[in-house]
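Dear colleague,

Here is the structure I promised to pass on to you. Please have it open beside this message while you read, as my notes follow it piece by piece.

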Amino acid sequence: MSEMITLNAKNRTADFGSAGSRRLLRAGYIPAVIYGKQAPAHCAVVAKDFMMKKHHFTGSTIINLDVEGQNHTVFVKTFQENLLKGIVNHIDFYEVTAGEKVRTHVGIELVGNPIGVRNGGVLDQVLHEVDVECLPKDLPSIIQVDVAALDINDAVRVAQIVVPEGVKIHTPEDETVATVKAVKVEEAAPAADADADAAAATTDTSAESK
């Protein structure tokens, strides 16, 4: 199951709009909305808290959002980030309920040293996440795929992924997760032509000097 991360927030019941959002940002909060169970609920997340932890968030990270003592089990659905200023302007959360299945994306981690790589090939990861459905308690933080047996021109597909009990993958089974490709050998002809041109130039220079 994904690790549980806690974020702190306060209720937001007034001062909406862009001007209100700017005031919240200046005060050290990020405007946010919780979607899912009922009507969207507005809150303001402690900016320092979110910025310190956001690099650990994935599509399967379960978060305990503490809004003035009221806990919400959520995922980060999206967030708007100003990369130039290094700030997050807005967050959308999606609330989940224990006992109800959720559908989200989980990242893929390749493990093992492929036979084909040891024989001179290159491992290419084509798919980096899969669409899964399961109960929140069964949601994996990452799905590992063993590629050790792959030789050159071999591939592993979604149908071959082994997932924990209770987890269903919705990504098409025939999609390629990873493959080992042969390394293309550069043709020597251009170098040979360059040597021939250099030799011809030398001959011409010698003829002119005479």
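Glutamate 68 counts as exposed, because its relative accessibility is 54% and the cut-off for that term is over 50%. Please bear in mind that this is a predicted model. Glutamate 68 sits in the loop that links β4 (62–67) with β5 (70–82), and although this residue is not a glycine, its phi is positive, at about 50 degrees. Most residues other than glycine have a negative phi. The two strands form a hairpin with two residues between them, and it is in this hairpin that glutamate 68 takes its positive phi.

The strands on either side of that loop run antiparallel and are joined by five bridges, and valine 67 has glutamine 70 of β5 as its bridge partner. β4 also pairs with strand β1 (residues 4–11), here in the parallel sense and over six bridges, with leucine 7 standing opposite leucine 65 of β4. In contrast to the exposed glutamate 68, β4 is mostly covered, since five of its six residues are buried.

A second residue with a positive phi is asparagine 153, which is not a glycine either and has a value near 75 degrees. Asparagine 153 is placed in the loop between β10 (143–146) and β11 (155–157), and with a relative accessibility of 63% it too counts as exposed.

Which residues of helix α1 (residues 17–26) are buried, and which are exposed? Gly20, Ser21 and Leu24 are buried, and because these buried residues fall within an arc of 100 degrees when seen down the axis of α1, they line one face of the helix. An α-helix has 3.6 residues a turn, so residues three or four places apart point the same way. The buried residues of α1 pack against β1, β2 (29–35) and β3 (41–46), while Ser18 and Arg26, on the other side of the helix, are exposed. Just after α1 comes glycine 28, which has a positive phi of about 95 degrees.

Turning to the interior, the largest nonpolar core has 23 residues, and those with the most contacts inside it are Ile108, Val130, Val132, Val145, Val156, Ile161 and Val177. Two or more residues of this core come from each of β7 (102–111), β9 (129–134), β10 and β13 (176–181). Apart from this core lies another, made up of 19 residues, including Ile34, Cys43, Phe50 and Phe57. In soluble globular proteins, nonpolar side chains tend to be buried together. If neighbours within four places in sequence are left aside, the contacts of isoleucine 108 include Leu127, Val130, Ile142, Ile143, Val145, Ile161 and Val177, and also Gln125, His128 and Glu129.

Some of the strands named for the 23-residue core also belong to an open sheet of four strands, which has the order β10-β7-β9-β12 and mixed pairing. The edge strands are β10 and β12 (168–169), each of which pairs on one side only. Within this sheet, β7 and β9 run antiparallel and are joined by six bridges, and histidine 105 has aspartate 131 of β9 as its bridge partner.

With kind regards

Methods. Residues are numbered from 1 along each chain as its sequence is written. This is a predicted model: local features need pLDDT of at least 70, side-chain atom pairs count only at pLDDT 80 or more; totals for chains, interfaces and linings use all residues. Side-chain values use heavy atoms; hydrogens and water are left out. Buried means under 20% relative accessible area, exposed over 50%, partly exposed in between (1.4 Å probe, protein chains only). Two strands pair if DSSP finds at least two bridges between them. A nonpolar core is a set of buried Ala, Val, Leu, Ile, Met, Phe, Trp, Tyr and Cys residues joined through side-chain atoms within 4.5 Å. Contact means heavy atoms within 4.5 Å. The arc is that of the directions from the helix axis to the C-beta atoms.
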